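The exercises below are meant to be worked through slowly, with the sequence and the three-dimensional view open side by side. Try each task before reading the solution that follows.

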Amino acid sequence: MLLDDLAEYIQKVQEISKTELCTIHVGNRKARYFSTFRLPDGGSAERIATADDGRIFAGSSLFKVYIAAGASLMIEKLSAGSDPSNRFRGVQNAWSRTFTDVFNDFSQDIKIKPLYGNPTVLELIFHYKGPCSINHWLFSPDGSPLLSKNAFLNTISRYTQETSKQHNNTTWVDYSNANYILIALLIEVVSGKSLPDFLREYIFDPLGMNQTYMSADELSAVPIGKRVQPHMVSSKGLRRAIHVNEILYLSDTVEKAAMGGYTSAADIGKFFEMVLEALHGTPSSAMFDKEFVKSLFKGIGALDDEEHGYTRFGLYTTLDENLPGSHSLNRFISSNNDASTYKLGKDSQNKDVTAFYMAGCATGWLSTVYLLPKRQIFVITLTNTTSAVDMSDIISKLCLQEILDLRPSKVGDPNFTCRPKGWQTMTLPQIHRAHYVELAGKIYQENARVYSKLEEEDKAPDTPTAAYPNILGIYKNKKNGQSLEVIDLGGTLGVKLKGETKVSKPMRFVRKGQVFRICSRVRGTTDLAIDCFGDWENLTFGFEEKNGAIVCFFRNGRNLVDRFTRIEAAD
């Protein structure tokens, strides 16, 4: 049994990463394997289930495959026919039309201006010619959602124009949550249904995905024992639960499209079982017939080599490239080291193996999925812990290694630091399995240093409000409509970021030399989100003064300079 043979190694990786829960669901032709592993506080990792136990995890970006499939159903299936009363009829040719034209044809309340590059609907599905990352608009540094539908639609066109200099030519591929927010909003204006209602009617219910939730009310009805609690691990290996009694990212379409809903490994498996059954056997759903499912694999937002790139099923790649794992937290934190860019390798015949790779990454949640349609294989790994090691990335690769008998390019390299100890006395399968434990340990060492640096910077001492009494007030970003409010936190400076209708939790605002820096609310306990390794990597704000008073704060972001100009002082 696959997971029986790997259990020892999975548990070792779990203990290195300090991951509280890990659920694995593997399909290999007709065989199905399922296990859940738990690492209790102060204990050793153990396997607690060998069948679906209905545990509900955040799916994060894994839900993008459902949005892509939903848009495809709408454009290719639901629009068919000549019935003038069919509300979907107007999207029959939407794939080749610019997104702006299609959206404005159906939207009754908000019209959007053209996006830079005039991407088509299909191009946005493939992250081709779409907006740059907007995660600094979506979330505050503590992970609080900020962006609302109206603010997004009113500003996205200008944002694409202002960030156009990031693209060196007329075509580009740039993964961004903005692309799927746009597609989700298109589904809503065309169908007249909310995104969750549309996906439930056409995907979740027909496939029996009864453990998948995209509304807070639905999720709240799930027994607490089945709702997995997210966790964070410090650089010193101390784990703690986060967002206790909170349900995040389900308040509106912007959040749901970017961050997905909540689901189980079994439900994700039902979707990919449907895909494989339609390709290789008898379709289990009349809507998902063979020709339609085959069409889901057409098209690609090609990367540099024109052979690999973004599809409806995530990244299409060979396993001997460094694209597998490229959306994991391991790569997010340390992008260029040996361990995080590790290649799975070729098969025993030295032939390339192609796969579709998907990943979900949110604070407290990490997940990885691989789909190999020709070989009728899927691997789903869900975890509830962010730490210096993304366990879902390591374990999903371990499963593929075992199933496909891959030849990792570096496992025999004497200079590679992840070569397992005592390899001379091991069989080749044992070497490969132990190799992943060594890999996890190496990633932990490298990434923990990055975590530690963030934690040390986050410990900056409080700044007394009395030292800067005239700084309190509201400063507005005229480009995106969001504001930065400097507040008093019981005698020390604090800050809140505000969207049109949403606001972050209070955070500390500390003076460090010639800048101010956003820090966690409680000194010594880092509550910052994983986007502090991404769009919020720079947490410092410079400032401009006039007549001795601060009139503007500015931050150098990844794509633009964010400027917040004072609009009112505190009372």
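**Exercise 1.** Does Cys 519 count as buried or exposed, and what is its relative accessibility?

Solution. Begin by keeping in mind that this is a predicted model. The relative accessibility of Cys 519 is 0%, and since buried means under 20% relative accessible area, Cys 519 counts as buried.

**Exercise 2.** Find out what a search of the whole structure gives for disulfides, and follow it up at two cysteines.

Solution. The search of the whole structure finds zero disulfides. Take Cys 132 as one case: the nearest cysteine sulfur belongs to Cys 361 and is 19 Å away, whereas a disulfide needs two cysteine sulfur atoms within 2.5 Å. Cys 132 is itself buried, with a relative accessible area of 1%. Then turn to Cys 519, for which the nearest cysteine sulfur, that of Cys 532, lies 9.9 Å away, and which is likewise in no disulfide.

**Exercise 3.** Trace the open sheet of nine strands, and work out which strands stand at its edges.

Solution. Follow the order 3-2-1-13-12-11-10-9-8, in which the pairing is antiparallel. Strand 3 (46-49) and strand 8 (301-302) each have a single partner strand, so one side of each is left without a neighbour in the sheet, and these two stand at the edges. At the strand 8 end, two bridges join strand 8 to strand 9 (residues 309-311), and one of the pairs to look for is Ala 302 with its bridge partner Gly 309 in strand 9. At the strand 3 end, look for helix 1 (residues 2-17), which lies across strand 1 (21-28), strand 2 (31-38) and strand 3, and which runs at about 30 degrees to strand 2.

**Exercise 4.** Describe the hairpin of strand 20 and strand 21, including the residue that takes a positive phi.

Solution. Strand 20 (residues 540-546) and strand 21 (residues 549-556) pair in the antiparallel sense over five bridges, and Glu 544 has Cys 552 in strand 21 as its bridge partner. Two residues lie between the strands, and in this hairpin Asn 547 takes a positive phi near 55 degrees.

**Exercise 5.** Set out the span and the burial of helix 2 and helix 11.

Solution. Helix 2 (residues 64-78) has 15 residues and reaches 20 Å from its first C-alpha to its last, which is close to the expected 21 Å, and 13 of its 15 residues are buried. Helix 11 (residues 265-280) has 16 residues, and its reach of 22 Å is close to the 22 Å expected. Of the 16 residues in helix 11, 12 are buried, among them Asp 267, Phe 271, Phe 272 and Met 274.

**Exercise 6.** Locate the largest nonpolar core, and explore the surroundings of Phe 152.

Solution. The largest nonpolar core has 100 residues, and those with the most contacts inside it are Ile 134, Phe 152, Ile 203, Phe 271 and Phe 313. Helix 7 (residues 177-191) gives the most to this core, with 11 residues. Leaving out residues up to four places away in sequence, Phe 152 touches several residues, including Ile 134, Leu 147, Ala 178 and Val 254. Apart from this core lies another, of 74 residues, and its members include Val 26, Val 379, Ala 434 and Leu 439.

Methods. Residues numbered from 1 in each chain as written. Predicted model: local features only at pLDDT ≥ 70, side-chain atom pairs only at ≥ 80, totals over all residues. Heavy atoms only, no water. Helix = DSSP H or I, 4+ residues; strand = E, 2+ residues; numbered from the N terminus. Expected span 1.5 Å × (residues − 1). Buried < 20%, exposed > 50% of the residue type's maximum accessible area, 1.4 Å probe, protein only. Pairing = 2+ DSSP bridges. Contact = heavy atoms within 4.5 Å. Axes fitted to C-alpha atoms, helices over the stretch in contact; angles between N-to-C directions. Core = buried A, V, L, I, M, F, W, Y, C linked by side-chain atoms within 4.5 Å.
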